[in-house]
Amino acid sequence: MSALHDEIRELMALYPEARSATLPALRLAQEKHGWLSPEALREAAEGLGETPAYCMSVASFYDMFHLEPVGRHLVEVCTNVSCALVGAQQVLEAFERELEVRAGETTEDGEVTLRTVECLGGCGWATIVALDHRYRTHVQADDVGAIVEELRADG
Amino acid sequence: MAEPRLVVLQGADERDLTKLSEYRAIGGYDALAKARALAPQAVIDELLASNLRGRGGAFFATGRKWSFIPKPDQNPNPHYLVVNADESEPGSFKDNEILSRVPHRFIEGCLITAHAVESKHVFVYIRGEYLGPFEAVRDALEEIRDDERLLGGVTIVVHRGAGAYICGEETALLESLEGKRGQPRSKPPFPAISGLYASPTVVNNVETLATVPPIVAMGGAAYAKLGVENSTGTRVVSLSGNLVRGGNYEVAHGITLRELIYDLGGGIAEGRELKAVIPGGSSTVILTAEEIDVPYDYDALAEVGTAMGSAGVIAIDDRCCMVQLGIRVSEFYEHESCGKCTPCREGTRWMTAILRKLEAGEASDSELDLLLDVCDRINGKCLCPLGETAAMAVASYVLKFRDEFLAHLDGSCPFGSQSPLDGVVAPVNQHTHSPVAEVPA
């Protein structure tokens, strides 16, 4: 049995009903595979004792689960009202220029996926950009070049 | 300007309260010992005396909510405390800061509440995006993991969400916590009777719980002296938008919106004029710049037709086009509608479509009426408030800025690219998820 299987079993033990471990199990499977590939879904399902179809039906509801391949790095720009009021669109466009992709796309080398997301809950520190889920606050268009350089340097 | 009286964030400016030793040094976990020396009902009575009302948005009296939980001899099923840490309302980011800066106060609140409702099981449902706050709570729990005296046999499991605004609705949250798609349940039964795993469940917001230890420490009556009648105590207000100093500010209820915006927020950035204020997160009715002398409390805001919601104040300056604001807000709710109820699922799409036509200068008079009609047809027809609040918010832009909407009927947007919301790419406009099983050509 895989390490993932054991980890999922441990998660299931935290809950009175094992199905509660579905979201954490899917997260683990995604971390291991990079996205929820058919294989990742099968592995999560096997650990949970659910069907892959069930796992897919749950995963497709949530924005943080990737149902197609994404880059090794994820750049998420909040474009909800508070961020947009102080220039989130300009930040997004700067990323699009630097990375040479449109929002929702992955760079040709498969390194970076750029996408917009709904409110990340950092409105007073806008614009919020999540780099591999770590929040950067007060991001302005001028900062984007350095951020992309940093991501690229991270290999 | 009202003197800030810190309750929830008390001590966090002077000390690193993420550390157990620092929290202990200011009397941390003393309230827990005090509460456990009381009968559960006596703790509930303190909360009733404090008149603390839920900080998640519904403002329901916390003590009353606890009192709905059956006693163990009335219902032998395990009782659960579920924490709603799924803060996702555009404009609100208070729970982010509370969890990050005073995680032990929050945990102490959970343990006191568990005692009051006679529960041994706490689940903290935190939105998946909140990695920093998750780590703060996880690390704080790690510090007390072996302290059985403190935990008193209570287990606290932190459960991370995966990106869905609707999971902030309590029954959707429970569905999600049970490992399902996060779609709201029909109520009744309410969670107090049949919640998590069909057992008695209290669902409380993060800030509500972080307020519990100070209430137990100072006594409910003393807490009730803070703030104003019906809106007692303090509130951590999130300020954002076109302000000089956005951020979270803990204030006593009753401070005016003007004081919040100009005294605490430093006024409108870049010397611009205030045009409108969203007072309680994007699902609340908008206020014009002329309406901001209203006190920030439940009754006063209700009197002017709006709400405190989750206390996210968004200040909007005079460059912003209200039709564009409507589009962006509508796109959010369209994206986050869970799809269960038709009026919300279809209505939010219609709202966006009509607003886009308006912005493009392609809409007629009748379509402006159609927009209001669509809003009206969502109201009161869904299981949860998501669609309804979207409709009420957007309708309020039309009603309060009608001239601006009418000006769009003449062929173009009067603001155009001068408005910061012009052409903003919302998630609903991009396609990260292509169909997994592609149909062969």
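# Exercises on a predicted two-chain model

Glu270(B) sits in the loop between helix H12 (257–264) and strand E9 (274–278) of chain B. Here helices (H or I, at least four residues) and strands (E, at least two) are DSSP runs, numbered from the N terminus.

Before you start: residues are numbered from 1 along each chain as its sequence is written, while chains are lettered from A and ligands numbered from 1 in the order in which they are written. This is a predicted model, in which local features need pLDDT of at least 70 and side-chain atom pairs count only at pLDDT 80 or more, whereas totals for chains, interfaces and linings use all residues.

## Exercise 1: backbone outliers

Work out whether Glu270(B) is buried or exposed, and what the sign of its phi is.

*Solution.* Start with the neighbour count. A residue is buried if 20 or more other C-beta atoms lie within 10 Å of its own, exposed if 12 or fewer, and partly exposed in between, with C-beta atoms placed from the backbone. Glu270(B) counts as exposed because it has 9 C-beta neighbours inside 10 Å. Next, the backbone: phi of Glu270(B) is near 55°, which is positive in a residue other than glycine.

Now take Asn51(B), in the loop between helix H3 (40–50) and helix H4 (62–67) of chain B. Asn51(B) also is not a glycine, and its phi is positive at about 55°. Its count is 21 C-beta neighbours inside 10 Å, so Asn51(B) is buried.

Finally, look at the peptide bonds. Lys187(B) to Pro188(B) is cis, with omega near -5°; from Pro188(B) to Pro189(B) the bond is cis too, with omega about 5°. Pro188(B) belongs to the loop between helix H9 (170–177) and strand E4 (201–205) of chain B, and Pro189(B) lies in the loop between H9 and E4 of chain B. For background, most residues other than glycine have a negative phi, and most peptide bonds are trans.

## Exercise 2: the parallel sheet

Find which strands of the four-strand open sheet of chain B stand at the edges.

*Solution.* First write down the order: E3-E2-E1-E4 of chain B, with parallel pairing. Two strands pair if DSSP finds at least two bridges between them. Strand E3 (155–160) and E4 of chain B each have a single partner strand, so they are the edges, and one side of each has no neighbour in the sheet. Neighbouring strands are turned by 20° against each other on average, direction ignored.

Then zoom in on one pair. Strand E1 (residues 80–85) of chain B pairs with E4(B) in the parallel sense over five bridges, and Val82(B) stands opposite Val203(B) in E4(B).

Last, add a helix: H9(B) lies across E1, strand E2 (121–126), E3 and E4 of chain B, at about 110° to E1(B). Such axes are lines fitted to C-alpha atoms, for helices over the stretch in contact, and angles run from 0 to 180 degrees between N-to-C directions.

## Exercise 3: a cysteine and its contacts

Determine which residues Cys167(B) is in contact with, leaving aside its neighbours within four places in sequence.

*Solution.* Place the residue first: Cys167(B) is in the loop between E3 and H9 of chain B. It counts as buried because 31 C-beta neighbours lie inside 10 Å. Two residues are in contact if their C-beta atoms, placed from the backbone, lie within 7 Å. By that rule the partners of Cys167(B) are Asp86(B), Gly161(B), Ala172(B), Leu173(B), Ser176(B) and Gly182(B). As a C-alpha check, Cys167(B) and Ala85(B) are 82 residues apart along the chain and separated by 9.7 Å.

## Exercise 4: two crossing helices

Decide how H6(B) and H10(B) are oriented to each other.

*Solution.* The axes of helix H6 (residues 103–116) and helix H10 (residues 206–218) of chain B come within 7 Å and cross at roughly 80°. Angles under 35 degrees count as roughly parallel, over 145 as roughly antiparallel, 65 to 115 as roughly perpendicular and the rest as oblique. Therefore H6(B) and H10(B) are roughly perpendicular. Contact residues include Phe106(B) and Ile112(B) of H6(B), and Leu209(B) and Val216(B) of H10(B). By class, this contact has nine nonpolar, two polar and two charged residues. Ala, Val, Leu, Ile, Met, Phe, Trp, Tyr, Cys and Pro count as nonpolar, Asp, Glu, Lys and Arg as charged, and the others, Gly among them, as polar.

## Exercise 5: between the chains

State how many residues each of chain A and chain B gives to the contact.

*Solution.* Chain A contributes 48 residues and chain B 59 residues. On the side of chain A that touches chain B, the elements giving two or more residues include helix H2 (22–33) and strand E2 (112–117) of chain A. The residues of that side divide into 26 nonpolar, 14 polar and eight charged.
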